[in-house]
Amino acid sequence: SPARKIVVTVNQPVSVTTQPVNRTICTDKVATFTVAGTGSGTLTYQWQVSTNSGGTWANVANGGVYAGATSATLTITAPPVSMSGYFYRCVITCAAPCPGVNSGFGILTVNPLPTIIISNDVEICIYQSTQLNASGGNDYYWYPDDGLTDDSISNPMAFPTDTTNYVVTVTDSNGCVNLDSVVVT
């Protein structure tokens, strides 16, 4: 009898070549976690999140702060501070019958924007000046929001002599930036 020919396909299992790394951002910014891998066939991706330091994992779905839940890069846009400490990993799969592989994890740290405390709106007489104070950060940048001048003061205090809206930009030790304004009439 003729010999039977048997074809055996050997698929290469997934190997993770790039692991997610920790990300630290301000709450108004974007964080990305990226993985890469090799294996037979087309690789598929499913990002997962753990809110309890890796105790349990749940699949991430696109929507809200998430995009790219089933791609090699997960994007998290403007996450709230409450998401700080979340762990992210990716399950990568390839051609059957090889099993999926979990990547390592990256930790998201979300820093709040600085809380700015400024003096109240003030009234002054013409040709007088007043002192505007701000606190809540490390670096301060005051400027009149009149569209006419480009004068700026890098100080927690400003001494305006004109009727206008003054804006202060405050940067904290994490590099997070917030702004507020005060009206001088």
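Phenylalanine 105 is partly exposed, with a relative accessible area of 41%. This residue belongs to a predicted model, and its stacked partner is phenylalanine 87, the two ring centres being 4.4 Å apart and the planes at 15 degrees. The briefing below covers the aromatic pairs, the nonpolar cores, the cysteines and one of the sheets.

**Aromatic pairs**

- Phenylalanine 87 is buried, at a relative accessible area of 11%, whereas phenylalanine 105 is partly exposed.
- Phenylalanine 87 lies in strand E9, and phenylalanine 105 lies in the loop between strand E10 (101-102) and strand E11 (106-111), so their pairing ties together parts that are 18 residues apart in sequence.
- The count of aromatic pairs comes to three.
- Another stacked pair is formed by phenylalanine 33 and tyrosine 88, with 5.1 Å from centre to centre and 25 degrees between the planes.
- Distant parts of the chain are linked by that pair: phenylalanine 33 sits in strand E3 (residues 30-34) and tyrosine 88 in strand E9 (residues 87-93), 55 residues apart.
- Phenylalanine 33 is buried, with a relative accessible area of 0%, and tyrosine 88 is likewise buried, with a value of 0%.
- One aromatic cluster is made up of Phe33, Tyr66 and Tyr88.

**Nonpolar cores**

- The largest nonpolar core contains 23 residues.
- The residues with the most contacts inside this core are Trp47, Val60, Tyr66, Ile76, Tyr88, Ile92 and Leu108.
- Two or more residues of the largest core come from each of E3, strand E5 (44-50), strand E8 (73-77), E9 and E11.
- A second core, separate from the largest one, has 10 residues, including Ile116, Ile118, Val182 and Val184.
- Tyr66 and Tyr88 appear both in the aromatic cluster and in the list of core residues with the most contacts.

**Disulfide and other cysteines**

- A disulfide is a covalent bond between the sulfur atoms of two cysteines.
- The whole structure holds one disulfide, which joins cysteine 26 to cysteine 176 with an S to S distance of 2.1 Å.
- The torsion about the S-S bond of cysteine 26 and cysteine 176 is about -100 degrees, so this disulfide is left-handed.
- The bonded cysteines come from distant parts of the chain, with cysteine 26 in strand E2 (residues 23-26) and cysteine 176 in the loop between E16 and E17, 150 residues apart.
- Cysteine 26 and cysteine 176 are both buried.
- The closest cysteine sulfur to that of cysteine 94 belongs to cysteine 98, and the 4.5 Å between them is too far for a bond, since a disulfide requires sulfur atoms within 2.5 Å.
- Cysteine 94 is buried, with a relative accessible area of 12%, and cysteine 98 is buried, with a relative accessible area of 16%.

**Three-stranded sheet**

- Three strands form an open sheet in the order E14-E16-E17, and their pairing is antiparallel.
- Strand E14 (139-144) and strand E17 (177-184) stand at the edges; each has a single partner strand, so one side of each is left without a neighbour in the sheet.
- From one strand to the next, the twist averages 20 degrees.
- E14 and strand E16 (residues 164-171) run antiparallel and are joined by six bridges.
- Aspartate 139 has threonine 171, in E16, as its bridge partner.
- The loop between E16 and E17 is also where cysteine 176 of the disulfide is found.

How values were computed:
Residues are numbered from 1 along each chain as its sequence is written. This is a predicted model: local features need pLDDT of at least 70, side-chain atom pairs count only at pLDDT 80 or more; totals for chains, interfaces and linings use all residues. Side-chain values use heavy atoms; hydrogens and water are left out. Two strands pair if DSSP finds at least two bridges between them. Helices (H or I, at least four residues) and strands (E, at least two) are DSSP runs, numbered from the N terminus. Axes are lines fitted to C-alpha atoms, for helices over the stretch in contact, and angles run from 0 to 180 degrees between N-to-C directions. Rings of Phe, Tyr and Trp (its six-membered ring) pair if their centres lie within 6.5 Å; planes under 30 degrees apart count as stacked, over 60 as edge-to-face and the rest as tilted. Buried means under 20% relative accessible area, exposed over 50%, partly exposed in between (1.4 Å probe, protein chains only). A nonpolar core is a set of buried Ala, Val, Leu, Ile, Met, Phe, Trp, Tyr and Cys residues joined through side-chain atoms within 4.5 Å.
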